[in-house]
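I opened the model to look up a few things on each chain. My notes follow in the order I took them.

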Amino acid sequence: MIQVQNLSYSYPGTEKQVLKNISFEINEGEVFGFLGPSGAGKSTTQKVLNGLLKGFGGTVLINGTDLSEMKRSFYEKIGVAFEFPNLYLKLTALENLQLFASFFKSETRDPEELLKMVQLEGDRDTRVEAFSKGMKMRLSFIRALLNRPELLFLDEPTAGLDPGNARIMKDIILDLQQQGVTIFLTTHHMDDAGELCKRLAFMVEGKLPVIDSTQDLRLKHGKKTVRVEYKENGLACAEEFPIDQLASNPAFSDILNKQEILTIHTQEASLEDIFIKVTGQQLKQ
Amino acid sequence: MNWRAIPYDYKMLKGDPMLILSLMVPFILWALMQFLFPFLDAMVLDRWTVDISPYYRQAGTFFLMLIPMMMGMVYGFIMLDERDGGIITAISVTPTGKSGYLKLRMGIPMFLSFIFIILYQLLLGLTGTLGILQVIVISLLISSQSLILLLVLGAFADNKVMGMAISKGFGILIMGPLLDFALPSPYNWIGAYSPLFWASRSLLAETHITFWLHASITFLFHLFLIWILFRKFTARSD
């Protein structure tokens, strides 16, 4: 769906390259994530790809068409939710959606149905200036879904949300992926990235040192062991066993048969561990 | 033009003190000309035996120029408000885009200016020997002045604070017709840098030829400025 070759970008009037010859692909129907600390260039990449920033170097193809030759109708099937909610504060939630629906030629979704999805139906007639940041984030998110986008750009979609509302948003994202929507999201939350993204790219100082599937990253960088926590004579104990030949490992079988098992976990590395290991940088900046 | 967006525009602006002020300015200017000018005329004649009544049309034309300027400034600031809130960015990633948004934003001050200018001229009897077509043409041209101010703010101001600084420079535009009225020939031509200079000359033209000549220059001058500023605005990354 998206092919990016040697993309570079510097903001006008500055020498510093924010994006340094990055290349990646996003396949149709996948959730692809950029994971990296603040200021790494994640949002800039999204802004280039959704056409907000011009004057970039390299090639960006979307559905085989060069981004620089894209017509305005390109936006009929694009959805963008920004990191900071940008809404008409003097309009109600419903009016915000209705007004933005008027900017599309194609048929748009029922705003009330969208409000219901993020539990804002009770606030449909409230002016947005009275909304909390979390409510604005949710409204801004569903606004991006008005035109039934085939390609969705999400910039830090769970930023500023409480765990309950973050869960709602993540469920919607997973549901959209099931429906075949291609999603490009940026985040610095490793849990979100791990849960939502099929493939990930680590971004550090405008470069992409790692692009891989989330599963493979965990397997490659994790220990191939199983950790068993159990109780023996009333005391909590733990042991690790190699995954290879685990079924025929007598010590493992012995614990399973004789002890009270508390937990059993494979020892995949967390994305944060992998990020630090690969990039040498902390994720939470 | 996205007509469906207009009712929401009204909802957003309802109760906005800036809008109320902008709608009152033409009435204040009309009241100044209708009541203050005759009073001043009588007072000056009585005290200094100077008759200022021949300058009635010039004074009226000068005030008339303030109507589109005020409309352009008010809607320019509304636009800067939207820029501060990231609204323009959000519209940029819809099929309407920044240019579609701008057309909508330009339409309202242009329309309001046109209505107010026509009413102002008719109520104060400023049209002189101009025919209906000429009144409509010159009113449209003067209304388009609002677009220049709106676009200057949109193209050069990053936020409202910058907008305030830039709007202080707008006085230089209104100096154009003032210099034309105040200075003797050929020094009055110093004011020709301002498109208002040409617009006011059309309005005060004594003959059809001079009217159309000055109106044509005003048209080309405005077209050039609007084109440059529109491009500058749409090229911005927000």
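Entry 1, domains. I began with chain A, whose domain assignment lists domain 1 (2-218) and domain 2 (224-267). I took the centres of these two chain A domains over C-alpha atoms and found them 43 Å apart. I note here that this is a predicted model.

Entry 2, a sheet in chain A. I traced an open sheet of 4 strands in chain A, ordered β2-β1-β4-β5, with antiparallel pairing. I then looked for its edges: they are β2 (19-26) and β5 (65-66) of chain A, each of which pairs on one side only. Strand β4 (residues 57-62) of chain A is joined to β5(A) by 2 bridges, in the antiparallel sense. For the register I noted A:Leu61, which sits opposite A:Asp66 in β5(A).

Entry 3, a patch on chain B. Which residues form a nonpolar patch on the surface? I found B:Phe111, B:Ile115, B:Leu119 and B:Leu123, with about 390 Å² of accessible area together. I checked one of them further: B:Leu119 belongs to helix α5 (residues 97-124) of chain B. B:Leu119 counts as partly exposed because its relative accessible area is 42%, and the range for that class runs between 20% and 50%.

Entry 4, B:Gln145. I located B:Gln145 in helix α7 (residues 145-156) of chain B. Is B:Gln145 buried or exposed? Its relative accessible area is 0%, so I entered B:Gln145 as buried; the cut-off is under 20%. Setting aside neighbours within four places in sequence, I listed the contacts of B:Gln145 as B:Pro68, B:Met69, B:Leu173, B:Pro195, B:Leu196 and B:His222.

Definitions and conventions:
Residues numbered from 1 in each chain as written. Chains lettered and ligands numbered in written order. Predicted model: local features only at pLDDT ≥ 70, side-chain atom pairs only at ≥ 80, totals over all residues. Heavy atoms only, no water. Patch = residues over 30% accessible without salt bridge, like charges linked within 9 Å, V, L, I, M, F, W, Y side chains within 5 Å. Areas by Shrake-Rupley, 256 points an atom, 1.4 Å probe, with all protein chains shown as cover. Salt bridge = Lys/Arg side-chain N within 4 Å of Asp/Glu carboxyl O. Buried < 20%, exposed > 50% of the residue type's maximum accessible area, 1.4 Å probe, protein only. Contact = heavy atoms within 4.5 Å. Domains from an automatic or database assignment. Pairing = 2+ DSSP bridges.
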